[in-house]
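Thanks for coming. I will go through one model this morning, starting with the annotated spans and then moving to the contact between two chains.

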Amino acid sequence: MLLKKNIPIKYVFGKIKVEVLLVLLYALLVEVMYINIHFTRISIPIAVPTMLGTILSLLLAFRSNQAYDRWWEARTLWGAIVNDSRTLARQILNFVDTPYNSVEALYFKEMFVKRQIAWCYSLGQSLRGLNPVQEVESLLHSGQLDYLEEFTNKPVALLELHGEDLHRAYKAGWINKHQQIELDRTLTRLTNSMGGCERIKNTVFPATYSLYTHLALILFISLLPFGVIDVFGMMMVPLVVAIASSFLLIEKMAIHLQDPFENKPTDTPVTTIAQTIDRDLKQMLREYQEPKILSPKPQTAAKFYIL
Amino acid sequence: MLLKKNIPIKYVFGKIKVEVLLVLLYALLVEVMYINIHFTRISIPIAVPTMLGTILSLLLAFRSNQAYDRWWEARTLWGAIVNDSRTLARQILNFVDTPYNSVEALYFKEMFVKRQIAWCYSLGQSLRGLNPVQEVESLLHSGQLDYLEEFTNKPVALLELHGEDLHRAYKAGWINKHQQIELDRTLTRLTNSMGGCERIKNTVFPATYSLYTHLALILFISLLPFGVIDVFGMMMVPLVVAIASSFLLIEKMAIHLQDPFENKPTDTPVTTIAQTIDRDLKQMLREYQEPKILSPKPQTAAKFYIL
Amino acid sequence: MLLKKNIPIKYVFGKIKVEVLLVLLYALLVEVMYINIHFTRISIPIAVPTMLGTILSLLLAFRSNQAYDRWWEARTLWGAIVNDSRTLARQILNFVDTPYNSVEALYFKEMFVKRQIAWCYSLGQSLRGLNPVQEVESLLHSGQLDYLEEFTNKPVALLELHGEDLHRAYKAGWINKHQQIELDRTLTRLTNSMGGCERIKNTVFPATYSLYTHLALILFISLLPFGVIDVFGMMMVPLVVAIASSFLLIEKMAIHLQDPFENKPTDTPVTTIAQTIDRDLKQMLREYQEPKILSPKPQTAAKFYIL
Amino acid sequence: MLLKKNIPIKYVFGKIKVEVLLVLLYALLVEVMYINIHFTRISIPIAVPTMLGTILSLLLAFRSNQAYDRWWEARTLWGAIVNDSRTLARQILNFVDTPYNSVEALYFKEMFVKRQIAWCYSLGQSLRGLNPVQEVESLLHSGQLDYLEEFTNKPVALLELHGEDLHRAYKAGWINKHQQIELDRTLTRLTNSMGGCERIKNTVFPATYSLYTHLALILFISLLPFGVIDVFGMMMVPLVVAIASSFLLIEKMAIHLQDPFENKPTDTPVTTIAQTIDRDLKQMLREYQEPKILSPKPQTAAKFYIL
Amino acid sequence: MLLKKNIPIKYVFGKIKVEVLLVLLYALLVEVMYINIHFTRISIPIAVPTMLGTILSLLLAFRSNQAYDRWWEARTLWGAIVNDSRTLARQILNFVDTPYNSVEALYFKEMFVKRQIAWCYSLGQSLRGLNPVQEVESLLHSGQLDYLEEFTNKPVALLELHGEDLHRAYKAGWINKHQQIELDRTLTRLTNSMGGCERIKNTVFPATYSLYTHLALILFISLLPFGVIDVFGMMMVPLVVAIASSFLLIEKMAIHLQDPFENKPTDTPVTTIAQTIDRDLKQMLREYQEPKILSPKPQTAAKFYIL
């Protein structure tokens with residue numbers, strides 16, 4: 001009752017079912033040895049697993065903390081991308097100005113804002129290792145697509161195109177020199193958010209910590225049955241499985257959180273966020289006519305409930 | 001005596017009364033079994049619940065920390081909204097300048113500042129999933145309300161209107177190009193605060209952590225009576241209830257803090273903050289004549305004492 | 001010897017003397033019951049208070065951390081006020097420029113810098129719930145004081161006066177448009193610092209955490225004598241008092257640190273800081289002739305040694 | 001299975017093989033004494049190593065945290081260098097403008113962007129204590145190399161050359177005064193990142209903490225065999241080695257992480273990052289023709305998998 | 001072998017030799033009482049010091065954390081001073097421009113950059129409570145020294161002189177209005193760093209925490225011998241001394257780290273940093289001819305190895 005209703009517990013445990021099964025078999029084996037073969041000397045004082053459990057908790061707390069920070073930073077960077085995309089659209093729409101509000105300038109604004117939408121989709125795809133130009137073909141014209149061909153990093157190329165267009169607009173007198181600088185700063189912030197995502201994507205969490213925590217966890221689970229068998233008897237098996245599941249769950253969660261751009265359901269919801277940007281920016285262009293819904297994005301909430 | 005006087009302890013415990021009742025019944029049942037049926041073999045060494053209690057404390061510390069951070073970040077973002085609303089009003093009032101201080105410009109300033117007040121109310125409502133245009137109708141004229149119709153995200157639309165008005169003022173020569181840029185930066189900061197609030201609202205706290213902590217807590221409470229019954233006898237029941245209540249309370253508090261825009265009494269006080277902005281900005285317009293109270297907002301303090 | 005010499009230990013313990021006395025009486029009562037009435041069955045294993053003590057330590061660590069962070073943030077905000085006051089003075093003195101260095105402009109500079117000093121005093125008073133215009137009357141002329149009358153939040157009004165004066169100076173040609181913008185940014189930073197302080201002042205630390213910690217502490221202290229009486233005998237009383245005092249002290253400290261603007265000796269030293277700003281800014285105006293002391297502020301150090 | 005497949009466990013344990021061997025010999029010695037010489041009185045209660053283990057865990061958690069923060073800050077600073085290098089290139093390419101798009105200006109752009117690439121390589125080398133001009137000779141012309149001769153800190157000199165070129169470009173009318181300022185700000189951010197790296201490089205982690213943790217670890221490992229020998233008998237040796245290895249591993253990892261510019265495989269991958277910048281910036285110059293690979297940098301991932 | 005070779009362990013232990021000696025005497029006294037007078041009833045269960053040890057570890061972790069943060073912030077602020085000094089020099093050298101590159105302007109640049117070097121030395125001296133004008137006399141001319149006389153806070157006065165010179169340069173047409181603003185921002189950042197250092201210097205770490213930790217440590221050390229004497233017999237004395245030394249060391253380290261401007265060897269190395277700035281800035285002026293050393297500052301590393 002403490003959790004959002006629609007979280008499938010089955011989903012959560014599905015991730016660790018192999019491990020839990022192994023723990024179950026192991027505990028049963030110990031139980032059988034203890035009872036049937038009267039191999040009771042294997043019992044150990046509970047202080048040993050207690051010590052290991054405390055140490056392990058500290059390690060998992062450290063690890064969860066760092067994993068959570070990476071995940072939250074990734075989410076914050078995409079939040080900044082939302083903010084700066086809106087800012088960029090607002091600036092383009094209100095800064096660019098031509099004597100007779102020419103069709104050319106209107107087209108320029110639309111193309112610029114749509115390229116920003118394309119940049120968001122492209123960055124999301126690129127971070128997940130998918131084709132970064134697949135979803136954006138309707139938002140860019142063919143010249144721009146050709147230009148992208150020569151770049152390894154497509155989002156960098158799109159920001160470079162932004163920069164070139166600002167230069168063109170400044171030369172044509174559509175924006176003044178202060179506005180060029182200010183728009184360029186928004187590009188700089190977008191560059192920083194992109195770089196931040198790439199940093200999280202490309203920097204592996206220190207492997208020794210992962211390895212060490214995992215080894216300590218195996219050691220703890222291996223000793224746990226011997227520590228509680230004297231006291232709990234037959235109840236030892238479910239107790240061991242319950243405690244081991246807890247630790248395995250939290251370790252698995254840290255592993256998922258620490259890499260938020262891996263095309264898993266626990267990812268930062270980059271596509272959903274890009275769709276929100278898409279909708280807001282198209283509405284600023286007076287183009288997209290979503291019916292007037294007041295409740296804030298119900299369908300969105302449903303999509304990334306896992307996180 | 002350590003707490004502000006007017007906090008209703010009843011309120012605090014009201015939130016966990018069902019859980020506490022269940023714990024009470026469970027502890028009584030164990031007690032009855034232990035004494036009446038002489039089922040004394042169920043006692044277990046206290047080291048087992050001690051280990052679980054320590055681990056649980058670490059988990060709750062991690063969770064409280066993250067929940068507190070989300071709540072404090074939400075509060076900080078609304079603090080930034082207060083700051084930038086004041087800054088925007090100060091800039092509008094002192095930057096906009098017309099040759100003969102025309103009525104039109106005075107009207108422009110008033111309309112702009114009131115739209116900023118409307119933005120604050122609207123954002124607060126929108127974050128809580130309420131009608132975002134309900135409270136702002138007196139602050140906007142009908143043309144602006146029509147404009148809002150076409151947008152899903154009303155606060156985004158209001159900032160876009162700000163941007164358009166700045167463009168208009170710049171074209172009319174009421175502000176110079178540097179002032180347009182500087183005002184636009186204030187809009188950018190408001191965009192960032194808005195996006196930050198939406199991020200906190202839309203990002204669910206990792207569900208597995210919640211689930212795991214909850215399961216560990218149930219396991220701990222289930223084992224606790226067996227661990228202390230030997231020692232405490234009849235006193236076991238109140239002791240178990242007291243310890244369990246503490247853990248349940250802190251878990252519940254984390255759950256409330258982690259989602260600060262859910263229309264609960266523990267929310268970030270968005271309406272109260274918007275009213276403070278309302279008062280300050282109207283006084284800057286020389287419009288609102290509150291009697292001269294020197295003590296800092298007594299009625300405010302009363303409203304959000306829970307947090 | 002580890003502390004600054006002049007900290008009165010008596011002062012520190014004075015804050016918790018009632019609680020310590022109650023603990024002493026309670027421990028004596030338990031002792032008397034144990035020895036005289038031979039009610040020895042009340043002894044409990046030490047593992048129970050150990051578990052509670054560990055849990056409590058984690059909670060107090062969390063709470064101390066958050067309280068410390070609030071206190072340090074308050075101090076940092078006032079540090080920023082020092083910095084931006086100096087910056088504002090430097091900018092006013094070096095940006096404002098008139099053809100013949102007119103008396104009017106010199107007066108303008110002096111009035112502006114003094115109003116900044118007034119703002120610092122006024123903000124400090126206002127945060128502590130004291131009369132915010134009491135100490136500043138010598139720094140403002142009567143027109144400004146009248147203007148303040150109409151505002152609930154006096155520091156907001158003073159920043160608005162700063163903004164109006166910058167507008168006036170810009171119109172008169174004393175500062176150019178870039179300088180107006182740059183000075184306005186300094187005002188924006190001051191607005192942010194002010195808002196940050198108000199946020200800390202107006203946001204109560206989550207009451208449930210305070211309540212929970214306090215209840216857990218009472219439970220721990222209640223059980224402690226029974227846990228150690230078997231082992232320590234007569235020495236139980238001083239031991240219990242010593243341990244309980246430690247926990248009570250740290251809880252009390254957190255309570256004091258978490259609200260740094262409550263007119264207590266443990267506050268952020270807003271008046272002392274405002275006096276430092278006063279001195280530095282008046283020396284920049286070449287007005288205040290303090291004798292040349294090289295050692296850095298000895299009298300200041302004496303004043304807020306508690307923190 | 002929880003770790004990236006290609007992490008060589010052998011590599012990880014290779015770092016602590018001497019220590020593990022010593023622990024093994026020590027544990028065997030204790031075992032032999034215990035069994036053969038029946039020197040059983042040396043057994044101690046397990047509570048002693050438990051206490052030390054808990055304390056040690058807290059210390060290692062603190063230390064790991066600080067070491068991780070240093071390492072992550074170093075990585076973040078290099079992420080900022082990526083961002084600002086791209087920003088600088090985008091600005092140079094789109095701000096610099098000459099009436100007839102002269103060859104001289106094209107050369108200027110190329111030289112400037114290549115010097116930025118050189119700066120990245122040079123900073124990386126310099127942080128690792130290697131020759132900072134070795135890899136950059138193809139990117140700079142001889143006049144610039146002569147200029148560097150007179151500077152101790154080569155990256156500072158390269159930024160100074162950037163500044164001089166901006167001055168030259170401004171004098172020639174290729175950039176306007178706003179663009180000069182904006183480019184200079186990018187140089188300022190690069191200066192800050194460089195200074196941040198030097199700060200991490202030059203500031204030794206407080207040696208007393210390192211020493212203390214190490215001594216506590218030795219004490220813990222020395223006592224551990226005596227605490228578990230009674231219970232585990234022959235199994236004591238592998239248990240002690242396993243627990244000791246865990247602690248030694250995590251200590252070693254903290255030591256490696258805290259100094260991320262020491263020319264080790266666990267370093268911040270400064271050369272790889274500089275190569276990425278090299279590729280992106282050359283593609284912006286339309287110079288470098290890497291075949292169109294869509295998957296994000298596979299060869300990079302392979303190189304710094306250790307971290 | 002885990003530490004830099006040249007750290008004198010003697011130095012580290014020298015700081016706590018009095019305390020260690022007292023602990024040694026105390027432990028010996030308890031030993032003598034226990035063995036000779038057969039006063040064996042004084043032994044207490046090891047659980048009591050274990051509980052205290054765990055609590056104490058949490059407190060020391062909190063305290064070490066805050067102390068480390070202060071120390072690291074101080075170091076970061078001086079890192080920012082390095083960065084902004086380099087930035088200021090780069091800006092002065094490349095922004096100031098006169099028609100015929102007049103001697104006067106060259107002198108202006110040199111004087112400005114040298115005053116910045118003087119500011120760094122002066123701030124360092126001032127933070128340590130030493131004479132802030134002693135080391136800077138060769139860098140300033142007599143008029144500036146007279147000007148400093150009237151200020152209590154010398155670094156504030158030097159920044160004010162910077163501001164005045166920028167005004168003079170702007171009036172003379174040597175820098176344009178944008179450059180004046182940009183240079184002024186660099187001064188603002190220097191003001192902020194200076195204010196941050198003063199904040200750390202002037203804000204005492206909450207004394208109650210220090211006191212509480214110290215009392216808890218004394219209590220722990222007092223009880224420790226009684227807890228382990230039964231088990232360890234004669235070995236109790238070295239064990240108690242070893243454990244007590246660890247705790248004392250870490251407490252002492254926190255005390256040193258938390259006040260990083262007290263003229264101790266563990267200080268933030270303000271003089272060394274100022275010398276680095278001195279060297280870099282003089283090389284930018286082409287004045288200082290250090291032989292071309294490529295290895296990064298060996299002599300520097302030697303100086304502040306303690307931290």
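A helix here is a DSSP run of H or I with at least four residues, and a strand is a run of E with at least two. With that in hand, take residues 232-250 of chain A: the span is 84% helix and 0% strand, and its end C-alpha atoms are 25 Å apart. Keep in mind that this is a predicted model.

Where does that span come from? The UniProt entry, which is unreviewed, annotates "transmembrane region" in chain A at residues 20-37, 43-62, 209-226 and 232-250. Another of these, residues 43-62 of chain A, is 80% helix and 0% strand, with 31 Å between the end C-alpha atoms.

Next, the copies. Any two copies of a chain are related by a rotation about an axis and a shift along it. For chain B and chain C the rotation is 72 degrees and the shift along the axis is 0.0 Å, with an RMSD of 0.0 Å after superposition. The two copies are therefore related as by a five-fold rotation axis.

Do these copies meet through the same surfaces or through different ones? Through different surfaces, because only 7% of the interface residues of chain B are also interface residues in chain C.

Now the interface itself. On the chain B side 67 residues are in contact with 68 residues of chain C. The two chains bury about 6400 Å² between them, and 64% of that is on carbon and sulfur atoms.

On the polar side, there are five salt bridges between chain B and chain C. One joins Arg90(B) to Asp184(C), where the closest N and O atoms are 3.3 Å apart. The count of residue pairs in polar contact across this interface, both at pLDDT 80 or more, is 17.

Which elements of chain B supply two or more residues to the side that touches chain C? They are helices H1 (9-14), H3 (47-95), H7 (177-202), H8 (207-232), H9 (236-258) and H10 (270-284) of chain B. H3(B) gives the largest share, 22 residues.

Last, one residue in chain E. Arg199(E) sits in helix H7 of that chain, residues 177-202. Is Arg199(E) buried or exposed? The relative accessible area of Arg199(E) is 6%, so Arg199(E) counts as buried, the cut-off being under 20%. Beyond its neighbours within four places in sequence, Arg199(E) is in contact with Glu73(E) and, from chain C, with Trp72(C), Arg75(C) and Thr76(C).

Note on methods:
Residues are numbered from 1 along each chain as its sequence is written. Chains are lettered from A and ligands numbered from 1 in the order in which they are written. This is a predicted model: local features need pLDDT of at least 70, side-chain atom pairs count only at pLDDT 80 or more; totals for chains, interfaces and linings use all residues. Side-chain values use heavy atoms; hydrogens and water are left out. Buried means under 20% relative accessible area, exposed over 50%, partly exposed in between (1.4 Å probe, protein chains only). Contact means heavy atoms within 4.5 Å. UniProt positions are given in the numbering used here, feature names are shortened, and annotations may be inferred rather than shown by experiment. Copies are superposed by least squares on the C-alpha atoms of residues with pLDDT of at least 70 in both. Buried area is the accessible area (1.4 Å probe) that two parts lose on being put together, summed over both. A salt bridge is a side-chain nitrogen of Lys or Arg within 4 Å of a carboxyl oxygen of Asp or Glu. A polar contact is a pair of N or O atoms within 3.5 Å; within protein, one must be able to donate a hydrogen and the other to accept it, and residues adjacent in sequence count only if both atoms are side-chain atoms.
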